[in-house]
Every structure is written in structure tokens, then in C-alpha cells.
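User: Hi! Could you walk me through this protein and its DNA, a few questions at a time?

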Number of protein chains: 2
Amino acid sequence: MAKRNYGQFCGLAHAADLVGERWALLIIRDLLVSAKRFTDLRRGLPRIPTNVLSARLKQLEADGVIERRVLPRPEGSVVYSLTDYGHDLEPIVHALGRWGARSMGEPKPDDIVTPDSLVIAMRSTFQPDVAAALTASWELRAGPAVIHVKIDEGKLTTDVGELPDADLTIETGPAIKALMAGELTAEQAIEAGHVRLEGNPALLTTFAEVFRI
Amino acid sequence: MAKRNYGQFCGLAHAADLVGERWALLIIRDLLVSAKRFTDLRRGLPRIPTNVLSARLKQLEADGVIERRVLPRPEGSVVYSLTDYGHDLEPIVHALGRWGARSMGEPKPDDIVTPDSLVIAMRSTFQPDVAAALTASWELRAGPAVIHVKIDEGKLTTDVGELPDADLTIETGPAIKALMAGELTAEQAIEAGHVRLEGNPALLTTFAEVFRI
DNA sequence: CTGGATCCCTCACGATACTG
DNA sequence: CAGTATCGTGAGGGATCCAG
């Protein structure tokens with residue numbers, strides 16, 4: 001049984017054949033942050049059925065977008081990662097994320113925030129020109145999702161997990177989006193209790209300037 | 001009944017909620033070329049069921065990506081066009097199209113080529129720096145799809161339809177992709193009979209340089 | 001415990017017919 | 001022309017189970 005496809009000899013149609021199916025782009029989003037095992041992907045995409053995840057991974061691998069590697073002993077575990085071709089989707093994922101964020105209102109009651117999505121949000125909103133020559137680090141906590149962001153002389157690195165010696169730790173909720181969109185100033189966010197800070201509070205303004213929707 | 005969504009407070013997930021469903025991106029592709037009526041969209045997407053087209057148009061309108069306008073008399077007909085927000089997808093559609101084109105092999109027997117997809121292919125592969133200060137025009141015929149391309153002092157305009165006074169008319173098939181990808185030189189394409197020209201044949205090489213996968 | 005496979009159910013999609 | 005109506009099919013969703 002051949003895969004369903006759009007039947008058009010067109011780059012966009014072919015791209016949609018490859019990564020246009022449900023969940024595919026979110027799998028790629030998480031793999032852009034780091035290579036992952038099957039179970040890690042499940043954790044980052046709690047609502048994906050395992051059979052769908054399994055099917056997507058198979059198809060994406062067959063299409064040359066991701067790779068499946070079995071680690072050497074003693075782990076013996078399976079790791080999925082992007083191929084070079086798949087990794088070339090990064091600017092597209094970033095641009096789509098920025099585009100979508102512009103019309104994203106308040107989170108619905110059972111919306112979740114995953115660490116990987118936060119990392120991508122940081123990477124895609126980073127303003128290199130604003131951050132030129134800047135050096136600073138933040139830890140960002142949104143509910144259970146904890147990530148960190150470092151800028152070293154204008155160069156960005158960001159990943160999931162804590163950063164105990166961060167210059168500023170920001171504990172926040174959805175308001176972080178309003179802050180990054182400029183709908184809220186740092187002062188307003190602090191006053192309204194939308195953020196809890198630990199460290200150098202002046203760096204909250206810097207943060208809002210460097211990461212911009 | 002609420003729309004199915006990914007349940008993640010994430011720009012990419014939200015974008016996928018808006019334009020990630022089947023056919024949505026192809027509808028947007030065609031609307032990027034020009035505003036269209038329901039029947040025009042059907043013509044450009046022959047395999048889309050009308051109820052799906054109808055559902056997509058409704059949802060995209062509700063989400064602020066497209067607009068539905070009823071033309072004043074005597075037409076009284078309905079026209080769909082992109083909103084400003086929807087139009088902002090253009091660079092993303094172009095980038096995805098280029099990405100997909102890289103892994104697009106030979107067309108399958110019943111693959112079709114539509115005029116709109118060709119126009120988008122031209123726009124997304126246009127190399128402004130190569131074309132700087134250039135002035136030339138082409139008519140491109142791929143089966144029933146006929147489009148034209150004009151470059152006026154480096155500025156590109158392209159649309160569906162003929163261009164009787166084009167500097168060069170190119171009648172071709174899938175080989176146009178190989179030509180644009182550099183897998184085939186203009187001479188080889190001519191020699192192998194992949195293209196039929198009418199006009200200034202030297203402009204075929206120019207074409208292959210200016211439109212590059 | 002990881003990495004899936006399997007089952008069942010539902011609903012979105014696909015094909016076609018039909019209407020204002 | 002611009003859709004709606006109907007109906008069959010298959011992909012997606014959810015739970016459970018199994019092998020290494």
C-alpha cells in the first residue's frame with residue numbers, strides 16, 4: 001500500500017508529503033533540540049499515540065529526514081536524530097513558530113508547555129543584533145519546564161535543564177509571551193506578580209529585548 | 001464541537017493547528033499567486049474533495065489567515081484572498097518548497113503540474129543577486145501549465161498565462177527541475193530534447209542561473 | 001524500564017452526487 | 001458557480017500488552 005500523497009510535482013506538495021502529516025513537525029521540533037529515544041519523544045508529546053509516533057518515525061526515517069541508531073552496549077538503546085537534510089528544517093520551524101506565536105492567545109486550561117518547545121521559542125526569537133557583545137545567562141522556569149539560556153559575547157546556547165549559577169532565574173507562566181511580545185514591560189510583569197526573580201532583576205529587561213516575538 | 005488541536009502552548013504547535021491540516025498549505029500556496037474563487041481553487045487542486053476545500057476555507061477564514069469577499073454586482077461571486085497575516089506565510093512557503101524540491105525525484109505517472117505551483121517555484125528559486133540589473137522575459141510551458149516570468153532590471157514579476165512577446169519561450173517537462181538544480185546544462189537539455197525553444201536560446205542558460213534550486 | 005506492537009473505536013478525509 | 005449532503009474508508013486517538 002503506497003503512502004497517500006498530493007500527486008503534484010511541486011516542492012511544497014512534496015514537503016507536505018514528507019513532514020505535513022499530523023505530529024511530524026512537532027517530532028522534528030523536539031529532535032532539533034536534541035537526539036531522543038522513543039520514550040523521550042513520548043514525554044515531550046504526551047498526547048501522541050504510540051502507534052502514530054512509531055509510524056511517523058518509520059516514515060521520516062524512510063524519507064531521509066531522521067536517523068535511527070542503536071547505541072552500542074551496554075545501553076543498547078535506540079536513538080532518533082535528524083539527518084542533515086532534516087536539520088535544514090530548522091529555519092523553517094523557527095519561522096513557522098514565530099508566525100504561529102503571533103496569533104496565539106492565552107493558553108487554554110489544559111495546554112502544556114514542554115521544555116523543548118521553550119528552547120525552540122528562545123532560539124527562534126533570539127535577536128542576534130541586539131545581543132551582540134552581550135554576555136549573560138538565565139534560567140527559565142515555566143511550571144515543570146525548566147530550561148536555561150546563555151549568551152556568550154553575543155553567541156546563544158540554550159538547552160533544557162537547570163543552570164544553578166545563572167545571572168537571573170525567571171519563574172513565570174504564560175506572561176512570558178506577553179513580555180517577549182512587548183505587550184508588557186519588565187516592570188509591569190514584576191509588579192503584577194507575573195514573574196518571580198532570583199538574581200539580577202535588571203536582566204529581565206535585557207531578556208525581553210534580546211528575545212522578541 | 002471544538003477543533004482538534006495539539007494542546008501545547010507553543011508557536012509551532014499553534015501554527016500547525018492553523019495551517020497544518022491536509023491541503024491547507026496548498027490552498028495558501030495558490031492564494032499567494034492570486035486571489036481566487038472556489039472553482040479556481042478546485043482547478044488548481046484537482047484532487048481535493050469539495051467538502052474538504054469548503055471546510056478549510058471556513059477554518060482559515062475563522063483563524064484570520066484568509067478573507068472571503070463577495071464581489072459587488074454584476075459578478076456577485078465569492079473571492080478568497082490572504083489576509084496580511086496569511087500573506088506573511090510567503091517566505092515560509094517558499095522555504096518549504098525549496099526544501100521539499102531537494103528530495104523530489106522524478107514525477108510519478110499521474111503527478112500533475114499546476115500553473116500556480118510553477119509560479120511559486122519560480123519565485124522561491126529566484127536569485128536576486130544573480131539577476132541584479134538583468135532585464136529579460138520568458139514564457140514557460142510545462143504540459144498544460146503556462147506561465148511567464150519577467151525580470152526588469154533585477155526585479156521579478158511572474159504570473160500564470162502566456163507572454164506572446166517573451167524573449168524566450170521554453171516548452172519543457174520535468175527536466176526543467178534538473179536544469180534548475182544544475183544537474184543538467186542548458187546545452188545538454190537542448191541536445192537531449194528535454195526542451196523546445198522559441199526565441200533567444202542563449203537565455204536558457206541565463207534562466208538556469210537566475211532560478212536555482 | 002525501554003521500545004514498541006496490537007486492538008478497537010472514532011472521526012477526518014476522500015469520492016461522488018446533488019442543490020440554491 | 002459555490003458550495004452542501006451522503007456515505008465508505010482509513011488515519012488518528014486511547015488503552016493495553018509484550019519482548020528485550
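User: Which polar backbone atom lies 3.2 Å from a phosphate oxygen of DNA strand C?
Analyst: Happy to help; a note on the basis comes before the answer. This is a predicted model, where local features need pLDDT of at least 70, side-chain atom pairs count only at pLDDT 80 or more, and totals for chains, interfaces and linings use all residues. Residues are numbered from 1 along each chain as its sequence is written, chains are lettered from A and ligands numbered from 1 in the order in which they are written, and side-chain values use heavy atoms, with hydrogens and water left out. The 3.2 Å partner of that phosphate oxygen of DNA strand C is a polar backbone atom of A:Val78.

User: Which side chain has an N or O atom 2.6 Å from a phosphate oxygen of DNA strand C?
Analyst: A polar contact here is a pair of N or O atoms within 3.5 Å (within protein, one must be able to donate a hydrogen and the other to accept it, and residues adjacent in sequence count only if both atoms are side-chain atoms). The side chain of A:Ser54 places an N or O atom 2.8 Å from a phosphate oxygen of strand C. The 2.6 Å pair involves the side chain of A:Arg68.

User: How many residues surround DNA strand C?
Analyst: A residue is near a strand if one of its heavy atoms lies within 4 Å of it. Among the closest to strand C are A:Thr50, A:Tyr80 and B:Arg56. Of the atoms of strand C that come within 4 Å of the protein, sugar and phosphate account for 67%. The number of surrounding residues is 22.

User: And on DNA strand D, which side chain has an N or O atom 2.6 Å from a phosphate oxygen?
Analyst: The side chain of B:Arg4 has an N or O atom 3.3 Å from a sugar or linking oxygen of strand D. For the phosphate oxygen at 2.6 Å, the side chain is that of B:Tyr80.

User: What is the volume of the largest pocket?
Analyst: A pocket is found on a 1 Å grid over the protein atoms alone, as an open set of points where a 1.4 Å probe fits, with protein on both sides within 12 Å along at least five of seven lines; lining residues have an atom within 4 Å of a point. Grid points are joined across faces, edges and corners, and the volume is the space filled by probe spheres set on them. Of the 31 lining residues, A:Gly20, B:Gly20 and B:Arg22 are among the closest to the centre. The space in this pocket is about 540 Å³.

User: How much area do chain B and chain A bury between them?
Analyst: Contact (heavy atoms within 4.5 Å) links 51 residues of chain B with 51 residues of chain A. In chain B, B:Tyr6, B:Phe9 and B:Trp99 lose the most area to chain A, together 21% of what that side buries. Buried area is the accessible area (1.4 Å probe) lost on being put together, summed over both parts. With 64% of it on carbon and sulfur atoms, the total is about 4700 Å².

Technical notes. Buried area = accessible area lost by both parts, 1.4 Å probe.
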